[in-house]
Amino acid sequence: MWRKSSYSPDGNNCVEIGAGIGVRDSKAPAAHIPLSAQAWEAFLDSAKGDHFRN
């Protein structure tokens, strides 16, 4: 099952995530980047850290 961000204004121009599946662009849903649960957790941990702050 794919989920879209609640921050997407129109629901059609966003990145979607699928638990245990990966990520995809809502404009090209046939293609996706597969991610394991561990890879997704590592991404979230990194994004929550100071790695991307200026």
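Here are a few questions and answers on this predicted model.

Me: What pattern does the chain follow, read along the sequence?
Reply: Start with the elements: the secondary structure comes to one helix and four strands. Put in sequence order, the pattern reads β-β-β-β-α.

Me: Is Arg24 buried or exposed?
Reply: Arg24 is found in strand 3, residues 22-25. Its relative accessible area is 17%. The cut-off for buried is under 20%, so Arg24 counts as buried.

Me: Which side chain makes a polar contact with the side chain of Arg24?
Reply: Leaving aside neighbours within four places in sequence, Arg24 is in contact with Trp2, Cys14, Val15, Glu16, Pro29, Ala31 and His32. From Pro29, it's the backbone oxygen that lies 3.2 Å from a polar atom of the Arg24 side chain. The side-chain partner, at 2.4 Å, is Glu16.

Me: Which elements give two or more residues to the lining of the largest pocket?
Reply: The lining is made up of Met1, Arg3, Ile17, Gly18, Ala19, Gly20, Ile21, Gly22, Leu35, Ser36, Ala37 and Trp40. Ile17 and Gly18 are among those residues, and so are Ala37 and Trp40. Set against the element ranges, that gives strand 2 (15-18) and helix 1 (37-48).

Me: How many residues of the lining of the largest pocket are charged?
Reply: The pocket holds about 210 Å³ of space. Its lining has seven nonpolar residues and four polar ones. Arg counts as charged, and Arg3 is in the lining. The charged count is one.

Me: What share of the 54 residues in the chain is buried?
Reply: The accessible surface comes to about 4,400 Å², with 57% belonging to carbon and sulfur atoms. As for buried residues, Arg24 is one of them. They make up 15%.

Methods
Residues are numbered from 1 along each chain as its sequence is written. This is a predicted model: local features need pLDDT of at least 70, side-chain atom pairs count only at pLDDT 80 or more; totals for chains, interfaces and linings use all residues. Side-chain values use heavy atoms; hydrogens and water are left out. On a 1 Å grid over the protein atoms alone, a cavity is a set of points where a 1.4 Å probe fits but cannot get out, and a pocket is an open set with protein on both sides within 12 Å along at least five of seven lines; lining residues have an atom within 4 Å of a point. Grid points are joined across faces, edges and corners, and a volume is the space filled by probe spheres set on the points. Buried means under 20% relative accessible area, exposed over 50%, partly exposed in between (1.4 Å probe, protein chains only). Accessible areas come from the Shrake-Rupley method with a 1.4 Å probe; for residues, only the protein chains shown count as cover. A polar contact is a pair of N or O atoms within 3.5 Å; within protein, one must be able to donate a hydrogen and the other to accept it, and residues adjacent in sequence count only if both atoms are side-chain atoms. Contact means heavy atoms within 4.5 Å.
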